[in-house]
Amino acid sequence: MLKPKYLFVTLTLGLSLNAIDVVVAKYDLQYQQQITYKNIILNDFKSIKKNCIPLVFKDLKKNKFITKHFIKKNMIICKKDIKLYKKNTILFDFGSIEIEKNGKIIYENNKLIKIKHDNGKIEKIYKDGRINE
């Protein structure tokens with residue numbers, strides 16, 4: 001007959017074998033925030049919701065990801081909650097000065113260019129070099 005002390009140890013070891021390593025948010029993650037090693041931790045979970053395919057640590061080593069929506073602290077990060085990070089940059093050449101901005105062009109004419117930044121702000125840059133936000 002096993003003593004209660006040994007029974008407890010064998011049960012805890014058996015339960016930890018069935019656990020799954022998943023990526024969990026260490027802090028609140030904002031909309032379109034980049035997921036880095038600083039704002040995640042690895043945790044063991046015994047069960048995960050059916051509609052969640054968890055993000056694996058190996059995926060973070062290969063690619064950069066950003067969040068699709070706000071993720072609360074200590075929540076499991078699912079693959080449906082993230083998307084691949086794609087850097088959108090625009091290069092302006094004003095002769096001797098070159099300016100690189102993050103965002104994408106949404107409107108352009110012979111006087112100005114409108115840029116939409118990743119956070120949703122729209123910025124106007126006139127072709128003579130003036131900036132108006």
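**Entry 1. Overall layout**

I counted the secondary structure elements before anything else, and the chain has two helices and eleven strands. I noted that this is a predicted model. I then read the elements along the sequence and wrote down the pattern α-β-β-β-α-β-β-β-β-β-β-β-β.

I looked up burial for the whole chain. Of its 133 residues, 24% are buried. The accessible surface comes to about 10,300 Å². Carbon and sulfur atoms hold 55% of that surface.

I also checked how far apart in sequence the contacting residues are. Among contacts with a separation of 6 or more, 40% are between residues 24 or more positions apart.

**Entry 2. The nonpolar core**

Which residues form the largest nonpolar core? I found eleven: Val23, Ala25, Leu29, Ile35, Ile40, Leu55, Leu60, Phe65, Ile71, Ile77 and Ile82. I picked two of these for a closer look, Ile35 and Phe65.

I located Ile35 in strand S2, residues 34-35. Is Ile35 buried or exposed? Its relative accessible area is 5%, and the cut-off for buried is under 20%, so Ile35 counts as buried.

I listed the contacts of Ile35, leaving out residues up to four places away in sequence, and got Ile40, Leu60, Phe65, Thr67, Ile77 and Ile82. I took the pair Ile35 and Ile77 and looked up both separations. They are 42 residues apart in sequence, and their C-alpha atoms are 9.9 Å apart in space.

I made the same kind of list for Phe65, again without residues up to four places away. Phe65 touches Gln33, Gln34, Ile35, Leu55, Asp59, Leu60, Ile82, Lys83, Leu84 and Tyr85.

**Entry 3. A buried aspartate**

I turned to Asp81, which is in the loop between strand S4 (65-67) and strand S5 (82-84). Asp81 is buried, yet it has no salt bridge. I looked for the nearest side chain of opposite charge and found Lys80, 5.2 Å away. A salt bridge needs the charged atoms within 4 Å, so 5.2 Å does not qualify.

What does the side chain of Asp81 meet in a polar contact? I found the side chain of His69, at 2.9 Å. His69 also appears in the contact list of Asp81, along with Ile66, Thr67, Lys68, Ile71 and Ile76, a list that leaves out residues up to four places away in sequence.

**Entry 4. Salt bridges**

How many salt bridges does the whole structure have? My search gave two.

I recorded the pair Asp59 and Lys79, whose side chains meet at 3.5 Å, N to O. This pair links distant parts of the chain, 20 residues apart. Asp59 is in helix H2, residues 57-62, and Lys79 is in the loop between S4 and S5. Lys79 has a relative accessibility of 40% and counts as partly exposed.

I then recorded Lys101 and Glu123, whose side chains meet at 3.2 Å, N to O. Lys101 is in strand S7 (residues 98-102) and Glu123 in strand S10 (residues 122-126), so this salt bridge ties together parts 22 residues apart in sequence. I checked burial at both ends. Lys101, at 19% relative accessibility, counts as buried. Glu123 is buried too, with a relative accessible area of 4%.

**Entry 5. Positive phi values**

I looked for residues other than glycine with a positive phi and noted Gln32, with phi near 55°. Gln32 sits in the loop between strand S1 (20-25) and S2. Its relative accessible area is 25%, which makes Gln32 partly exposed.

I also noted Asn74, which is not a glycine either and has a positive phi near 65°. I placed Asn74 in the loop between S4 and S5. With a relative accessible area of 47%, Asn74 is partly exposed.

**Entry 6. An exposed lysine**

My last stop was Lys111, in the loop between strand S8 (104-108) and strand S9 (112-116). Is Lys111 buried or exposed? Its relative accessible area is 60%; exposed means over 50%, so Lys111 counts as exposed.

Which residues does Lys111 touch, not counting those up to four places away in sequence? I found Tyr126 and Lys127. Lys111 and Lys127 are 16 residues apart along the chain, and I read a C-alpha separation of 5.6 Å for them.

Key:
Residues numbered from 1 in each chain as written. Predicted model: local features only at pLDDT ≥ 70, side-chain atom pairs only at ≥ 80, totals over all residues. Heavy atoms only, no water. Helix = DSSP H or I, 4+ residues; strand = E, 2+ residues; numbered from the N terminus. Buried < 20%, exposed > 50% of the residue type's maximum accessible area, 1.4 Å probe, protein only. Lys, Arg positive; Asp, Glu negative; His and termini not counted. Polar contact = N/O pair within 3.5 Å; in protein donor to acceptor, adjacent residues only side chain to side chain. Contact = heavy atoms within 4.5 Å. Areas by Shrake-Rupley, 256 points an atom, 1.4 Å probe, with all protein chains shown as cover. Core = buried A, V, L, I, M, F, W, Y, C linked by side-chain atoms within 4.5 Å.
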